[in-house]
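Dear colleague,

Please find below the structure that I am handing over to you. The notes that follow it set out what was found.

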Amino acid sequence: MGKQLDSIGRRNRLKATSTGKRVSPTERDLTWFTKIHEHGPLTSSHLLQYMRGSHKSEKRAKERLTDLFNEANTPHRGPYLTRPIQQFQTIDARYKPLVYDLAPAAVKALAEQNLLHGRTAHHGPWWHAFMTSCITSSIELDCLAREDMNYIPQSAILARADAELRWRTCITDPVSGYSYAKDLLPDGVFGLEYVTKSGLRYRFYALEADRATEPLRSGNFHRKSFIRHLLQYQDYIEGGGYRKHLKLTAPMLVLNATSDAARMKRMAEIAAEHFPNGCNYQLFECWQELGAVF
């Protein structure tokens, strides 16, 4: 094992190094696995927030995550967590919280406890999927800190509707006038349950995480663009597609989270052009820390 340590005796952050220590999943570990399974890859900061009251020391909790990554002597024959290699591509990766994802052993552990669900995996590049998981997890964590609001995860929405995330929309090219059927695949969906004095109220959201990888406008209508996004969601929301798709009666909004403030401003301007009388379901937010350099 010594050859796998650095000059001051630390294990490799990229490659798991087992000491032979026996590690069995605890209730806290299973909660971590469940949250990663629901949202996608998460930082140690997110995971520790979920279990704030479960550990006396943040240092000990981080050491537990390290064991779950390194130790292969487990009931499920392998380490429970991975550290996706993409996170180490940034120049200051050593100074950032580590990002964890599920290893096959964790999937087996969840299956044993009947905690697996048919969540649609995040699509697109890893950084895009990570941005999506950061957004949905942060919203859930905020709800957990409040008494007037509860988070409804994507898995629960899809299970209730017995549906996949993808939905076929019918849209018309504003230039040619031709109509096309195009699949709409949000980066995620979630709901908020509001606890009010007059009872429970609900609102649902389709999430679009934007890292400026697609054009806002395109001369090719078949290429994904923000203009096509507006048309598809117009059919999905105003046409009532989401009610048929997800069996919802509460309203749905679209949360556009982008990593560039100037791009967000331009998106809002294009939306205003497309909806001259206003639009009450397209929301815009900027999270610059999730830009080209995380």
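Strands, like helices, are DSSP runs numbered from the N terminus, a strand having at least two residues. In this numbering, strand S8 covers residues 199–210, and Tyr 202 lies in it. Please note that the model is a predicted one.

**The surface around Tyr 202**

Together with Val 195 and Leu 200, Tyr 202 makes a nonpolar surface patch of about 240 Å². Tyr 202 itself has a relative accessible area of 34% and is partly exposed, because that value falls between the 20% limit for buried and the 50% limit for exposed residues.

**The five-stranded sheet**

Strand S8 also belongs to an open sheet of five strands, in the order S4-S7-S8-S9-S10 and with mixed pairing. At the edges of this sheet stand strand S4 (149–152) and strand S10 (282–286); each has a single partner strand, so one side of each is left without a neighbour in the sheet. From one strand to the next, the twist averages 30°.

At the S10 edge, strand S9 (residues 252–258) runs parallel to S10 and is joined to it by five bridges. Within this pair, Leu 255 stands opposite Leu 283 in S10. Helix H7 (residues 226–238) lies across S8, S9 and S10, and it runs at about 160° to S9.

**The hairpin**

Strand S5 (residues 167–172) and strand S6 (residues 179–184) run antiparallel and are joined by six bridges. One of the pairings places Arg 168 with Asp 183, its bridge partner in S6. S5 and S6 form a hairpin with six residues between them, and Gly 177 in the turn has a positive phi of about 85°.

**Salt bridges**

Side chains of opposite charge can pair when their charged atoms come close. In this model the count comes to 15 salt bridges, and three of the pairs are described here.

In one of them, the side chains of Lys 21 and Asp 67 meet at 2.6 Å, N to O. This salt bridge links distant parts of the chain, since Lys 21 is in the segment before helix H1 (27–39) and Asp 67 is in helix H3 (residues 58–70), 46 residues apart. Are the two partners buried or exposed? Lys 21 is partly exposed, with a relative accessible area of 41%, whereas Asp 67 has 10% relative accessibility and counts as buried because the limit for that class is under 20%.

A second salt bridge brings together the side chains of Glu 140 and Lys 35, at 2.9 Å, N to O. Glu 140 lies in helix H5 (residues 126–144) and Lys 35 in helix H1, so the pair ties together parts that are 105 residues apart in sequence. Glu 140 counts as buried, at 8% relative accessibility. Leaving aside residues up to four places away in sequence, Lys 35 touches Gly 40, Leu 42, Tyr 50 and Glu 140. By contrast, Lys 35 and Thr 196, which are 161 residues apart in sequence, are 27 Å apart in space, C-alpha to C-alpha.

The third salt bridge joins Glu 269 to Arg 266, with the closest N and O atoms 3.2 Å apart. Both residues lie in helix H9 (residues 261–274), three residues apart, which is about one turn of the helix. Glu 269 is partly exposed, with a relative accessible area of 31%, and Arg 266 likewise counts as partly exposed, at 31% relative accessibility. Through shared partners, salt bridges join Arg 217, Lys 265, Arg 266, Glu 269 and Glu 273 into one network.

**Two residues with positive phi**

Most residues other than glycine have a negative phi. Where, then, is Asn 114 placed, and where is Asp 162 found? Asn 114, with a positive phi near 55°, has its place in the loop between helix H4 (104–112) and H5. Asp 162, with a positive phi near 50°, is found in the loop between helix H6 (154–161) and S5. Asn 114 is exposed, with a relative accessible area of 70%, and Asp 162 is exposed as well, with a relative accessible area of 72%.

With kind regards

Key: Residues are numbered from 1 along each chain as its sequence is written. This is a predicted model: local features need pLDDT of at least 70, side-chain atom pairs count only at pLDDT 80 or more; totals for chains, interfaces and linings use all residues. Side-chain values use heavy atoms; hydrogens and water are left out. Patches are made of residues with over 30% relative accessible area and no salt bridge: like charges are joined within 9 Å, nonpolar side chains (Val, Leu, Ile, Met, Phe, Trp, Tyr) within 5 Å. Accessible areas come from the Shrake-Rupley method with a 1.4 Å probe; for residues, only the protein chains shown count as cover. A salt bridge is a side-chain nitrogen of Lys or Arg within 4 Å of a carboxyl oxygen of Asp or Glu. Helices (H or I, at least four residues) and strands (E, at least two) are DSSP runs, numbered from the N terminus. Buried means under 20% relative accessible area, exposed over 50%, partly exposed in between (1.4 Å probe, protein chains only). Two strands pair if DSSP finds at least two bridges between them. Axes are lines fitted to C-alpha atoms, for helices over the stretch in contact, and angles run from 0 to 180 degrees between N-to-C directions. Contact means heavy atoms within 4.5 Å.
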